[in-house]
Amino acid sequence: MAAGRGAAALRRAWRDRRAVLLEPSYTPLVAACLCLAEGGVNLWVIRRVPYTEIDWKAYMEEVEGFANGTLDYIQLKGETGPLVYPAGFVYIFLGLYYATGRGTNIRLAQYLFAALYLLNLLLVFRIYWRTNKVPPYVFFFMCCASYRIHSIFVLRLFNDPVAMAILFLAINLFLEERWSWGCLLFSLAVSVKMNILLFAPGLLFLLLQRFGLLGCIPKLCICALLQVVLGLPFLLVNPVGYLTRSFDLGRQFQFKWTVNWRFLPEELFQSRAFHAVLLLTHLAGLGLFALHRWHRPKESILALLKDPAKRKPASPPLTVNKIIFILFSSNFLGVCCSRSLHYQFYVWYFHTLPYLLWCTPTTKLAHMPKVLLLGVIELCWNTYPSTVCSSLSLHVCHGLILLQLWYGTAPTPVMHTPSSSRRPAAISKKTQ
């Protein structure tokens with residue numbers, strides 16, 4: 001029975017093959033085909049492309065210290081330096097440490113990350129199916145065409161994909177109105193890597209709109225409590241050491257790895273004044289989007305603090321697309337203003353790019369420029385080492401996406417119709 005239904009669906013898809021590529025309603029079918037293809041692609045990459053050691057050995061050395069009983073975060077180190085990730089990273093990679101024979105079975109680790117890749121892809125496809133915005137042909141560029149993303153997952157074994165997969169699971173829970181569980185998983189993702197905090201301004205806005213100030217406090221407490229519970233063994237031994245190492249917002253990045261600021265002099269790149277300008281730009285961008293794109297026009301932003309039942313006029317219910325737009329644009333603003341982007345950071349926003357490009361109305365002629373933008377961004381991230389041209393091109397692409405997000409989501413002006421009191425007069429004149 002199931003095989004027969006599947007065959008009928010494929011025959012129908014072949015008859016309507018143009019619609020399969022263009023209509024978002026066909027996302028589940030295209031997603032299933034791409035996930036099967038991606039399974040093969042990942043196996044081929046693992047077996048044919050040499051593994052490159054960058055951070056995996058350091059990860060294993062860091063968690064090995066914890067396995068041996070070291071609870072002072074200052075003492076946890078690897079060959080690339082001290083441990084700089086929160087406690088969730090330690091527990092998850094400790095599991096990988098034991099599963100891979102103390103980190104020595106690299107091939108098994110690659111297969112585990114290939115499974116993580118497919119899980120991440122399924123979670124992303126589920127989001128896109130719910131939004132019903134992106135034409136399915138775009139997903140071919142999101143999957144098989146990105147060498148860098150496959151490399152980050154199965155050839156480098158970074159922790160960034162782990163954090164992002166947990167985040168996409170949290171977003172799926174938000175879409176199902178399971179806000180408490182979503183906040184729990186959001187906090188877990190933060191405990192793996194802090195880049196997830198780029199989504200936090202958008203999440204805070206959504207919690208305020210959905211629950212008001214008093215209603216969102218329990219959700220925020222869930223996020224905070226999980227951080228305390230995960231970090232408790234380290235907080236009891238050296239609280240200052242744990243907090244300064246795992247949540248070091250002022251950490252300096254090496255200029256040789258930057259993808260986005262290669263065109264700057266190294267002195268300016270390392271300048272605290274430059275970092276302050278980026279932070280202010282980021283905050284200004286968030287403020288503008290919160291006031292003029294996330295929030296309803298002609299309504300005070302302070303209305304978000306009220307209980308939703310007491311707001312006048314009543315707030316409209318959160319839609320799937322509003323939730324995704326706010327979260328993805330919040331993260332994208334942070335990426336645009338990052339002090340540095342390293343090659344593994346591409347996964348921070350790669351899977352959100354199709355939505356950011358196609359969430360606005362798209363004419364037939366506009367599809368090609370958007371696909372071209374995806375291609376140029378991919379080329380910038382595949383240029384190693386980065387160049388002045390690749391860095392500038394990346395900023396141009398980011399700027400174009402921001403412009404189309406700003407102007408493509410502008411509220412439409414309200415058309416004022418003649419009042420009903422004037423219509424009878426007009427009608428009476430006609431009858432006379």
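**Exercise 1.** Which side chain meets E176 in a salt bridge at 2.5 Å, N to O?

*Solution.* The model is predicted. Start at the side chain of E176. It meets the side chain of R130 in a salt bridge, 2.5 Å from N to O. Next, place the two residues. E176 sits in the loop between α9 and α10, and R130 in helix α6. They are 46 residues apart, so the pair links distant parts of the chain.

**Exercise 2.** Find what else E176 pairs with, and place that partner.

*Solution.* E176 also forms a salt bridge with R126. The closest N and O atoms are 2.8 Å apart. R126 belongs to helix α6, residues 106–131, so this pair ties together parts 50 residues apart in sequence. Now join the pieces: R126, R130 and E176 are linked in a network of salt bridges.

**Exercise 3.** Classify the three network residues as buried, partly exposed or exposed.

*Solution.* Partly exposed lies between 20% and 50% relative accessible area. E176 has 35%, so it is partly exposed. R126 has 31% and counts as partly exposed. R130, at 26%, also counts as partly exposed.

**Exercise 4.** Study the salt bridge between D160 and K193. Are its residues buried or exposed?

*Solution.* The closest N and O atoms are 2.8 Å apart. D160 lies in helix α9 and K193 in the loop between α10 and α11, so the pair ties together parts 33 residues apart in sequence. Buried means under 20%. D160 has 0% relative accessibility, so it counts as buried. K193 has 7% and is buried too.

**Exercise 5.** How many salt bridges does a search of the whole structure find?

*Solution.* The search finds five. Among them are E176 with R126 and D160 with K193.

Technical notes. Residues numbered from 1 in each chain as written. Predicted model: local features only at pLDDT ≥ 70, side-chain atom pairs only at ≥ 80, totals over all residues. Heavy atoms only, no water. Salt bridge = Lys/Arg side-chain N within 4 Å of Asp/Glu carboxyl O. Helix = DSSP H or I, 4+ residues; strand = E, 2+ residues; numbered from the N terminus. Buried < 20%, exposed > 50% of the residue type's maximum accessible area, 1.4 Å probe, protein only.
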